[in-house]
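Trainee: Hi! Could you walk me through this one while I have it open?
Mentor: Happy to, let's take a look together.

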Amino acid sequence: MNEPAPKKPREEQRAFQQKWELEYFFFSTNGTSTCAVCGKVFQCARESNFKKHYQSHEGQTPSLQNLNSVARKNKFQELKTVQLHRIKNLQPENPRSDTNDDETVS
Ligand SMILES: [Zn+2]
């Protein structure tokens, strides 16, 4: 009888950390992480990826620079709202129901 393979040690959990929201302008949704600046989706929550990605934005986006913590928070909320709205609109709604034209000829 075959014995079940020994349990693998639990893989390093890559859970999204809340602090990354303001640090890197990322937020977590549906198990993925989304850049609040450009809407790019990252499948795995890896801090180094977020950091690198964010830094490329910061270098090109003056409005992300020199923000105090309050302004930063407001900016993040603003961008996040836009992205969430966009994501929502991307999701397929009910397939277009073909209207049955049964014109009853009298
Ligand atoms: Zn981005």
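Mentor: A term to begin with: two strands pair if DSSP finds at least two bridges between them. Also, this is a predicted model, where local features need pLDDT of at least 70 and side-chain atom pairs count only at pLDDT 80 or more, while totals for chains, interfaces and linings use all residues. Residues are numbered from 1 along each chain as its sequence is written.

Trainee: Cool. How many bridges join β2 to β3, and which way do they run?
Mentor: There are 2 bridges between β2 and strand β3 (residues 41–42), and the two run antiparallel. In that pairing, S33 sits opposite F42 of β3.

Trainee: And what's in the turn of that hairpin?
Mentor: 5 residues lie between β2 and β3, and G39 in the turn has a positive phi of about 85 degrees.

Trainee: What about β1 and β2, how many bridges there?
Mentor: 4 bridges link β1 with strand β2 (residues 32–35), again in an antiparallel arrangement. S28 faces S33 in β2. That hairpin has 2 residues between its strands, and N30 takes a positive phi near 50 degrees.

Trainee: Zooming out, what's the order of elements along the sequence?
Mentor: The pattern reads α-β-β-β-α-α, made of 3 helices and 3 strands. Helices (H or I, at least four residues) and strands (E, at least two) are DSSP runs, numbered from the N terminus.

Trainee: New topic: which residues make up the largest nonpolar core?
Mentor: That core has 9 residues: Y24, F25, F26, F27, A36, V37, F50, Y54 and F76. Both β1 (26–29) and α2 (47–60) supply at least two residues of this core. A nonpolar core here is a set of buried Ala, Val, Leu, Ile, Met, Phe, Trp, Tyr and Cys residues joined through C-beta atoms within 7 Å.

Trainee: What does "buried" mean here?
Mentor: Buried takes 20 or more other C-beta atoms within 10 Å of a residue's own, exposed 12 or fewer, and partly exposed is in between, with C-beta atoms placed from the backbone. Buried residues are 11% of the 106 in the protein.

Trainee: Then why is W20 called partly exposed?
Mentor: Because W20 has 18 other C-beta atoms within 10 Å. W20 belongs to helix α1 (residues 19–24).

Trainee: Which residues does W20 touch?
Mentor: Leaving out residues up to four places away in sequence, W20 touches F26, E47 and F50; contact means C-beta atoms, placed from the backbone, within 7 Å. The C-alpha atoms of W20 and F50 are 8.1 Å apart, with 30 residues separating the two along the chain.

Note on methods
Two residues are in contact if their C-beta atoms, placed from the backbone, lie within 7 Å.
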